[in-house]
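Colleague: Before I accept the labels on this model, I would like to hear what each one rests on. Please take them one at a time.

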Amino acid sequence: MPVANGLSCPTQVLVIDRDNLVQNECFAHLSKDWGDDVPCAHVTSGRAALCALKANEFDIVICDLDTLCDLDPNAEAALLRITSQAPGALVLALSDGGSVSMAVAAMRSGAHDYFAKPVSAATMFERLDELSVRHGKRRQFTPPKSNGENVDFEGFVGTSAEMQVIYEQIGRIAPSAAPVFITGESGTGKEVCAEALHARSPRKEGRFIAINCGAIPRDLMETELFGVAKGAFTGAMEDREGAAEIANGGTLFLDEIGELDLSLQAKLLRFLQTRSINRVGEALPRELDVRIICATNRNPMQMIAEKQFREDLFYRLHVLPIHLPPLRQRPADIMPIAEKFLTQYAQEEGKQFIGFDRETADQFMDREWPGNVRQIQNLIRRIVVMHDGELVTSRMVRLADVEANAAMAVAPVPNTHIPNRHAQSVGEQMLPLWKQEQKIIEDALAAFGGNISQAAAALEISPSTIYRKKLSWEKLEAQERSAA
């Protein structure tokens with residue numbers, strides 16, 4: 001069978017559906033890149049599916065729930081009979097209409113994910129890549145890439161469709177001299193993106209100079225950016241170039257551009273208009289050839305509305321925009337990123353780590369990662385430094401989380417020897433974290449009439465996260481009832 005990046009295409013696919021539409025689409029999707037030797041079996045009833053599962057081992061089972069009615073009128077019970085016969089397979093459940101209760105029932109019966117029909121084969125197989133990582137199967141179901149840049153692109157790691165769009169944007173934008181405006185949450189790789197644009201540009205032999213506009217005091221920012229002439233003020237003992245001059249012929253990256261003082265925004269606007277700067281204390285303008293790339297993790301339109309950012313400057317800078325997606329929108333990249341950092345830090349620290357155990361990979365795929373790539377990076381480094389072994393375990397992750405949370409805690413530890421009635425009453429009123437989470441998600445579902453996709457988008461999580469959470473709540477509620 002063909003292999004891509006060490007991960008091979010599945011050898012057996014079973015489609016359980018009354019008609020040929022899903023089977024035909026799956027076969028067309030696979031055979032286009034993997035060849036016609038990819039087996040894609042098709043049955044049209046539940047009983048035929050059981051016979052096929054007893055006779056063969058399948059890597060993937062794609063099952064229309066309505067097709068199983070000959071096994072049991074209860075779809076949940078019928079699907080359980082299928083999944084029990086396919087313990088090694090990844091199971092996708094499908095049905096017309098789709099609902100929260102149907103999705104929960106399918107996953108309770110052993111399905112790995114659920115889709116409302118119609119759904120494309122490309123969508124299903126992209127999801128199967130994620131599930132393969134989560135469940136330790138390490139197979140690749142989507143076709144291999146041929147451009148050689150899908151794994152590591154100028155410092156980025158990720159093969160997801162979302163990142164392929166970013167790579168293509170960078171490739172198209174890099175040759176231009178026009179300003180670039182990068183947006184994205186903290187930790188999504190805005191500086192990596194800026195460096196990639198520079199590395200792919202005709203200016204790559206010039207300097208790449210990065211300035212964090214939020215890290216330099218306002219009264220020093222002008223001299224850091226535009227330089228200073230000797231004698232301009234007390235302490236200016238010599239002429240000094242600013243970042244713009246140093247970057248002449250190359251690229252100037254202004255990170256957190258929204259933190260730049262309004263008076264300096266006006267001077268930056270003049271620089272963009274005239275392509276020249278004046279050092280502080282110097283009347284003679286200096287012409288420069290610099291490409292400007294800027295970035296922010298804030299909403300620029302909101303900053304403009306709040307009079308924190310000049311609208312005319314925004315439109316001068318916002319010529320070629322790039323928006324970097326948060327990690328929760330590209331879950332297929334989570335484990336490749338984690339594995340990259342694990343290899344890097346294991347080498348640096350002289351450790352023997354080679355991968356993640358199955359439970360830990362599952363936990364990594366479940367996490368929301370509000371700190372994005374930087375959060376994964378920091379967590380992996382803590383684990384490698386503080387632990388030894390070959391596989392990262394869930395215990396190591398828990399300990400690393402505890403260490404990080406303890407370091408961030410600033411509240412004093414209460415004296416346990418002195419009764420604190422107020423604290424006791426607050427503790428009695430406080431709900432466990434999972435119940436607070438349950439209320440937030442259920443409120444969102446109610447607000448969108450039970451539509452999981454819309455609720456998930458509003459909460460900025462994936463629909464499959466809601467399915468998994470609902471399953472875990474049922475277990476926790478059962479535990480509470482049994483303990484009562």
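Modeller: Start with one pair: Ile16 stands opposite Val43 in strand 4. This is a predicted model, in which local features need pLDDT of at least 70, side-chain atom pairs count only at pLDDT 80 or more, and totals for chains, interfaces and linings use all residues. Residues are numbered from 1 along each chain as its sequence is written, and side-chain values use heavy atoms, with hydrogens and water left out.

Colleague: How do you know that strand 3 and strand 4 pair?

Modeller: Pairing requires that DSSP finds at least two bridges between two strands. Strands 3 and 4 have 4 bridges, in the parallel sense, so they meet the definition. Strands themselves are DSSP runs of E, at least two residues long, numbered from the N terminus.

Colleague: What makes strand 3 and strand 5 partners?

Modeller: Strand 5 (residues 60-64) runs parallel to strand 3, and 4 bridges join them; the cut-off is therefore met here too. Val13 stands opposite Ile60 in strand 5.

Colleague: Why are strand 4 and strand 7 called edges?

Modeller: The open sheet has 5 strands in the order 4-3-5-6-7, with parallel pairing. Strand 4 (40-43) and strand 7 (113-117) each have a single partner strand, so one side of each lacks a neighbour in the sheet. For strand 7, the pairing with strand 6 (residues 90-96) is parallel, over 5 bridges.

Colleague: What makes both faces of strand 3 covered?

Modeller: Buried means under 20% relative accessible area (1.4 Å probe, protein chains only). In strand 3 (residues 13-16), Val13 and Val15 on one side and Leu14 and Ile16 on the other are all buried.

Conventions: Buried means under 20% relative accessible area, exposed over 50%, partly exposed in between (1.4 Å probe, protein chains only).
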